[in-house]
Amino acid sequence: MAYKTVNPYTNEVEHEYEQSSNQEVEQALANGYRLYQQWRAGDGLAERKAIITKLGQLLRERRTELAEVMTRDMGKLIGEAEGEVDLCASFCDYYVEKADEFLAPEPIYTPSGNAYVLKQASGIIMAVEPWNFPFYQIARVFIPNFLVGNPMILKDASNCPTSAKVFADLVSEAGAPDGSLTNLFVSYDQVGDIIADKRVQGVCLTGSERGGQSVATEAARNLKKNTMELGGNDAFLVMPDADIDKLEEVIPSARLYNAGQVCTSSKRFIVPDNLYDEFLARAKKVFANVKMGDPLDRSTTLAPMNSKRAKEKLQKQVDTAIENGATVYYGNEPVDLPGQFFMPTILTDITKDNPIFDQELFGPVMVVYKYHNLDEAIELANDSSYGLGNTIFGEDVKKAREVAAKIEAGMSWINAGWASLPELPFGGVKHSGYGRELAKQGMMSFVNEHLVYEAE
Ligand code: NAP
């Protein structure tokens, strides 16, 4: 497996990394296990909080420099990358503030004696992470687990190795001892070997269904607890009373943020017949006004996709959609720039028998459906293998809440595009995975909830 930074704007190979040896893997396991043994007894939380506070400071001090690393790895706009660094720093603040509360022993009432649950570390966590938010994905699992006392081995995406290395170096610079977060450039087979090792007690993956199935299979074979944050085909359900001007403002972030490569991007816009034509016209206006170009240039508004491979996959999916009856309302033309740009595209007339109907389009492609009554819209929103997030957009918030409760998903946003904040649990149902990251739920994922019972 080649770990390389290929800048998707210039197509130049900027960095290449050697695969980690089995000896390096063993060293990471040995270092991590030693730390786990120290931390398991409950010592060291104050020091770990100080390290995470320092990590937050370093992130803020080096905001733009760190953001550039991500932009060069996978092409995101520099302003979006800076926002990602800020968000990671906010995770540091949040978990440092909440760690004592979340990890405090929990008394249990029983008339038969005295009982309480200790919140203890469980072992090393194997984290497999994707390229689309190179720092955020690491931060949202590393920060809470480090505070719990679970060391982490990281296998990041092979196309954003520099971000992974820089993040791990920053953690060391903040004062974390060796083994706290070890970034390795490992093969899939080595990931399997790490999962099988008895010093590892948890596995978390964010990525595709395919990657999730493989890694979850390894975890199941070895009886290791795991969380899976997988793909999405999120619905954006427009209510008949939606304000079209407000809608127009939300479209760019809902569909085009990160060049559309967000698991919780709205991918299927389900629009009532009274607003359908106007919605399409507004969406086209938004899509036609993007400025593609250098993601390090602050005037650029649409970044290249992360890689040639990703762009080719998306083009193939759009071609398949069209071959099976979809209409191109806007876009799908070649972009005359050397980087991996995909013209923002709007597709309509995707019927249930179109192979794309139940596939995630991971890029700047919007699919628009028309509905006549709300039950039909809810049925369409739920007609997906995925169940990550969704948006309900309308003036009557009470009605929007009723609709949100009827959608099979892990997250719903009312009158806003997708969002991720430290205090909001993140995750999905169905093929979007299981488990939650962030918030208290995320911190508890790999905690050993250890019951202690004293008889009277
Ligand atoms: P991917 O191919 O599954 O890759 C994700 C990570 O898994 C990478 O580090 C990849 O390594 C690794 N991987 C894949 N197969 C593996 C295997 N058999 N054994 C060990 N590691 C393996 O996913 P992607 O297509 O790059 O990422 C985009 C997907 O992630 C989208 O579907 C998106 O919706 C989803 N996502 C979900 C969330 C969420 O929170 N639910 C958040 C962000 C993204 P290599 O790079 O070396 O192949």
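Me: Let's start with the boundary between domain 1 and domain 2. How many salt bridges cross that interface?
Reply: One, going by the rule used. Keep in mind that this is a predicted model.

Me: And which side chain does Arg298 meet in a salt bridge?
Reply: That of Glu82, with an N to O distance of 2.7 Å.

Me: What else does Glu82 form a salt bridge with?
Reply: Arg63, and there the closest N and O atoms are 3.6 Å apart. The two sit in distant parts of the chain, with Glu82 in helix H4 and Arg63 in helix H3, 19 residues apart.

Me: How many salt bridges does the structure hold?
Reply: 26.

Me: OK, back up a bit. Where do the domains run along the chain?
Reply: The assignment puts domain 1 at 3–230 + 432–455, while domain 2 covers 235–421. Their C-alpha centres are 30 Å apart.

Me: How many residues does each one put into the contact?
Reply: Domain 1 supplies 27 residues and domain 2 supplies 30.

Me: How much area do they bury between them?
Reply: About 2500 Å², and carbon and sulfur atoms account for 55% of it.

Me: Which residues of domain 1 lose the most area to domain 2?
Reply: Tyr9, Leu77 and Ser432. Together those three make up 25% of what the domain 1 side buries.

Me: What about polar contacts, how many residue pairs are there between the domains?
Reply: The count is 14 residue pairs, taking pairs where both residues are at pLDDT 80 or more.

Me: Which elements give two or more residues to the domain 1 side of that contact?
Reply: Helix H3 (63–74) and helix H4 (78–103). H4 gives the most, with six residues.

Me: And how does that side split by class?
Reply: The side of domain 1 that touches domain 2 has 12 nonpolar residues, eight polar ones and seven charged ones.

Me: Switching to the ligand. How many residues are around it, and which come nearest?
Reply: There are 30 around the ligand, and Trp131, Arg140, Tyr188, Ser208 and Glu360 come nearest.

Me: What's the distance from Glu360 to an oxygen atom of the ligand?
Reply: 2.7 Å, from a polar atom in the Glu360 side chain.

Me: And Arg210, how far is its side chain from a ligand oxygen?
Reply: An N or O atom in the Arg210 side chain is 3.0 Å from an oxygen atom of the ligand.

Me: Glu129 too: backbone or side chain?
Reply: Backbone. One of the N or O atoms in the Glu129 backbone lies 2.8 Å from a ligand oxygen.

Note on methods
Residues are numbered from 1 along each chain as its sequence is written. This is a predicted model: local features need pLDDT of at least 70, side-chain atom pairs count only at pLDDT 80 or more; totals for chains, interfaces and linings use all residues. Side-chain values use heavy atoms; hydrogens and water are left out. Domain bounds come from an automatic or database domain assignment. Contact means heavy atoms within 4.5 Å. Buried area is the accessible area (1.4 Å probe) that two parts lose on being put together, summed over both. A salt bridge is a side-chain nitrogen of Lys or Arg within 4 Å of a carboxyl oxygen of Asp or Glu. A polar contact is a pair of N or O atoms within 3.5 Å; within protein, one must be able to donate a hydrogen and the other to accept it, and residues adjacent in sequence count only if both atoms are side-chain atoms. Helices (H or I, at least four residues) and strands (E, at least two) are DSSP runs, numbered from the N terminus. Ala, Val, Leu, Ile, Met, Phe, Trp, Tyr, Cys and Pro count as nonpolar, Asp, Glu, Lys and Arg as charged, and the others, Gly among them, as polar. A residue is near a molecule or strand if one of its heavy atoms lies within 4 Å of it.
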